[in-house]
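Me: I would like to go through a structure and ask why each label is used. Please set the values against the definitions.

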Amino acid sequence: MPHDDYPLPEKVGVREFRENMTGFLRQARQGTSFLITSHDEVVAEIRPPAQAQRSPRRPGALRGKIRMAADFDTLPADVLAAMEGEGE
């Protein structure tokens, strides 16, 4: 039995969805869910995204904690040769 906060998704045929995709996506943004069907078989579900429970991003939080090796951008000669098609 559906919970009051989660109504059953509306079924929409692929053709109808394709013809008015922008409108269906707008409705999904506002909280409506849809089951996209083809020949009465559900092939996709369109629903609003789940609200992420992440803490706000703190720019600079990893400053001083990440180190790169001195040779991180040096390409070994054998790899370079293989990429250029040499040594086949």
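Reply: What follows is a set of questions on the labels, each with its reasoning.

Reply: This is a predicted model, in which local features need pLDDT of at least 70, side-chain atom pairs count only at pLDDT 80 or more, and totals for chains, interfaces and linings use all residues. Residues are numbered from 1 along each chain as its sequence is written, and side-chain values use heavy atoms, with hydrogens and water left out.

Me: What makes up the secondary structure of the protein?

Reply: The protein has three helices and three strands. Helices (H or I, at least four residues) and strands (E, at least two) are DSSP runs, numbered from the N terminus. Along the sequence the pattern reads β-α-α-β-β-α.

Me: How are the three strands ordered in the sheet?

Reply: The order is S1-S2-S3, in an open sheet with mixed pairing. Two strands pair if DSSP finds at least two bridges between them. Strands S1 (10–13) and S3 (41–46) each have a single partner strand, so they stand at the edges and one side of each has no neighbour in the sheet. On average, neighbouring strands of this sheet are turned by 35° against each other, direction ignored.

Me: How do you know that S2 and S3 pair?

Reply: Strand S2 (residues 34–38) and S3 share five bridges, in the antiparallel sense. The definition asks for at least two bridges, so the two strands count as paired. Ser38 has Glu41 in S3 as its bridge partner, and Ile36 stands opposite Ala44 in S3. S2 and S3 form a hairpin with two residues between them.

Me: Why is His39 called exposed?

Reply: A residue is buried under 20% relative accessible area, exposed over 50% and partly exposed in between (1.4 Å probe, protein chains only). His39 has 79% relative accessibility, so it counts as exposed. His39 is found in the loop between S2 and S3. Asp40 lies in that loop between S2 and S3 too, and its relative accessible area of 77% makes Asp40 exposed.

Me: What is worth noting about phi at His39 and Asp40?

Reply: Most residues other than glycine have a negative phi. His39 is not a glycine, yet its phi is positive, about 55°. Asp40 is not a glycine either, and its phi is about 65°. Gly31, just after H2, takes a positive phi of about 115°.

Me: Why does Ser33 count as buried or exposed?

Reply: Ser33 has 18% relative accessibility, so it counts as buried. Ser33 lies in the loop between H2 and S2. Contact means heavy atoms within 4.5 Å. Leaving out residues up to four places away in sequence, Ser33 touches Pro9, Glu10, Ile46, Arg47 and Pro48.

Me: Which residues of H2 are buried, and how do you know whether they line one face?

Reply: The buried residues of H2 are Gly23, Phe24 and Ala28. Seen down the axis of H2, they fall within an arc of 140°, so they line one face of the helix. That arc is the one spanned by the directions from the helix axis to the C-beta atoms. The buried residues of H2 pack against S1, helix H1 (14–19), S2 and S3. On the face turned away from the buried side of H2 are the exposed residues Thr22 and Arg29.

Me: What makes the pair of Phe24 and Phe34 edge-to-face?

Reply: Rings of Phe, Tyr and Trp (its six-membered ring) pair if their centres lie within 6.5 Å; planes under 30 degrees apart count as stacked, over 60 as edge-to-face and the rest as tilted. The ring centres of Phe24 and Phe34 are 4.9 Å apart and the planes stand at 80°, so the pair is edge-to-face. The pair links distant parts of the chain, with Phe24 in helix H2 and Phe34 in strand S2, ten residues apart. Both Phe24 and Phe34 are buried. A search of the whole structure finds two aromatic pairs, and Phe17, Phe24 and Phe34 form one aromatic cluster.

Me: How much of the protein counts as buried?

Reply: Of the 88 residues of the protein, 12% count as buried. The accessible surface comes to about 8400 Å², of which 51% belongs to carbon and sulfur atoms. Accessible areas come from the Shrake-Rupley method with a 1.4 Å probe; for residues, only the protein chains shown count as cover.

Methods
Axes fitted to C-alpha atoms, helices over the stretch in contact; angles between N-to-C directions.
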